[in-house]
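This report describes a single protein chain for a reader who has the sequence and coordinates at hand.

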Amino acid sequence: AMPEKAPFFDENATSRIRSEILRRKAMNPADGPAGKGSAGDGLAGDRLAGDGSAKAAADPDFEARLFLCVAHEFDRRQREMDQELRAVDRGADRLMESLHGREPETPVAPLPSLPATDTGIHHTQTRLAAWTRLMVHDPDLNPADTIFITTSRPILDQVMDQALDLAEKMHTMNGTGGGAAFDPLDRLVIHLDPADPGARDRLRAAATEFAGGGKPGEIGARAPGGVAIALHRAAGIPIAALLSGAAPGAQASGKGDKCLFGLVEFVI
């Protein structure tokens with residue numbers, strides 16, 4: 001990771017990434033065209049030497065940051081494109097109303113909504129693996145008290161696939177499974193009002209009870225403008241292993257409390 005910097009983004013992330021690339025190039029002057037592939041080889045070229053000699057180990061934290069920076073920029077541009085397309089649609093509607101002599105409708109405040117395009121569908125597994133690699137460096141992270149919540153359906157589907165795969169691998173590794181288990185139907189749906197100041201505390205209380213063995217089901221009622229958070233639990237699978245999809249090893253299998261992850265959906 002970059003020196004003395006938390007491994008997540010801020011407004012200067014792009015320029016910092018560029019500076020770090022230049023710094024790495026300056027530290028490895030032999031990594032020019034004569035020492036490896038062309039500049040177009042990118043990070044992959046850092047792993048290869050033209051003469052086959054041993055190279056310094058690649059920095060996976062840096063590569064994760066670089067990948068997420070590119071993904072972040074892609075997502076930002078995708079959101080801007082969605083906004084521009086919606087503006088075009090609104091302009092076309094106003095034009096049609098004018099041509100037909102109708103009074104334009106009074107605009108109403110929009111309800112909360114997700115982006116028109118779910119960018120999580122692009123490089124889903126790589127996004128998760130890169131984000132998880134940096135997440136574990138967070139000094140404030142307590143793995144035993146961590147809930148992973150996303151607004152992306154493809155991301156949730158990927159995590160569920162990894163949970164099923166890990167539970168099966170850990171079962172094979174330990175014979176009896178060591179307590180590792182995941183049932184896609186074992187979930188708790190919590191309905192909340194984002195404007196309610198006590199919503200966060202209610203979510204945490206419900207999640208804690210669910211992680212401790214509480215019954216699945218539904219809490220609260222659907223309401224326009226509210227959110228529904230569907231929580232799943234995976235027993236005995238560490239959060240980092242769950243999100244990266246990498247088996248934690250026999251010594252860690254089946255240990256710890258239930259790991260929670262879920263999806264946020266806006267109620268229209």
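The sections below move from the overall architecture to the helices, the strands, the nonpolar cores and the cysteines.

## Overall architecture

The model is a predicted one. Its secondary structure amounts to 7 helices and 5 strands, arranged along the sequence in the pattern α-α-α-α-β-α-β-α-β-β-α-β.

The protein has 268 residues, of which 35% count as buried. Among contacts with a separation of 6 or more, 75% are accounted for by residues 24 or more positions apart.

## Helix 3 and its ends

Helix 3 covers residues 60-99 and contains 40 residues. At 1.5 Å a residue the helix should span 58 Å, and its end C-alpha atoms are indeed 58 Å apart, so expectation and model agree.

Both ends of helix 3 have a local feature to record. At its start, a side-chain oxygen of aspartate 59 comes to within 3.1 Å of the backbone nitrogen of aspartate 61. Just after the helix, glycine 101 adopts a positive phi of about 70°.

## Helix 4 and threonine 132

Helix 4 consists of 12 residues, 124-135. The distance from its first C-alpha to its last is 16 Å, close to the 16 Å expected at 1.5 Å a residue. Its buried residues are Thr124, Arg127, Leu128, Ala130, Thr132, Leu134 and Met135.

Threonine 132 lies in this helix. Its relative accessible area is 3%, which is under the 20% limit, and threonine 132 is therefore classed as buried. The side chain of threonine 132 reaches the backbone oxygen of leucine 128 at 2.7 Å. When neighbours within four places in sequence are left aside, threonine 132 is in contact with Ala240, Leu243 and Ser244.

## Strand 4 between two partners

Strand 4 runs from residue 227 to residue 235, and 9 of its 9 residues are buried. Covered residues occur on both faces: Val227, Ile229, Leu231, Arg233 and Ala235 lie on one side, with Ala228, Ala230, His232 and Ala234 on the other.

Strand 2 (residues 181-192) is antiparallel to strand 4 and is joined to it by 8 bridges. Within this pairing, leucine 188 has leucine 231 of strand 4 as its bridge partner. Strand 4 also pairs with strand 5 in the antiparallel sense, over 8 bridges. There, arginine 233 has leucine 260 of strand 5 as its bridge partner.

## Nonpolar cores

The largest nonpolar core comprises 22 residues. Those with the most contacts inside this core are Phe148, Val159, Phe182, Ile237, Leu242, Leu243 and Phe261. Helix 4, helix 5 (153-174), helix 7 (239-244) and strand 5 (259-266) are the elements that give two or more residues to this core. Helix 5 gives the most, with 8 residues.

Leucine 243 has contacts with several residues of helix 4, including Leu128, Thr132 and Met135. Beyond that helix, leucine 243 is in contact with Phe148, Val159 and Gln162, among others, again leaving aside neighbours within four places in sequence. A second, separate core holds 14 residues, among them Leu188, Leu192, Ala199 and Ala211.

## Cysteines

The structure holds 0 disulfides. Cysteine 69 has a relative accessible area of 8%, which is under 20%, and so is buried. Cysteine 259 likewise counts as buried because its relative accessibility is 5%.

Key:
Residues numbered from 1 in each chain as written. Predicted model: local features only at pLDDT ≥ 70, side-chain atom pairs only at ≥ 80, totals over all residues. Heavy atoms only, no water. Helix = DSSP H or I, 4+ residues; strand = E, 2+ residues; numbered from the N terminus. Expected span 1.5 Å × (residues − 1). Buried < 20%, exposed > 50% of the residue type's maximum accessible area, 1.4 Å probe, protein only. Core = buried A, V, L, I, M, F, W, Y, C linked by side-chain atoms within 4.5 Å. Contact = heavy atoms within 4.5 Å. Polar contact = N/O pair within 3.5 Å; in protein donor to acceptor, adjacent residues only side chain to side chain. Disulfide = S-S within 2.5 Å. Pairing = 2+ DSSP bridges.
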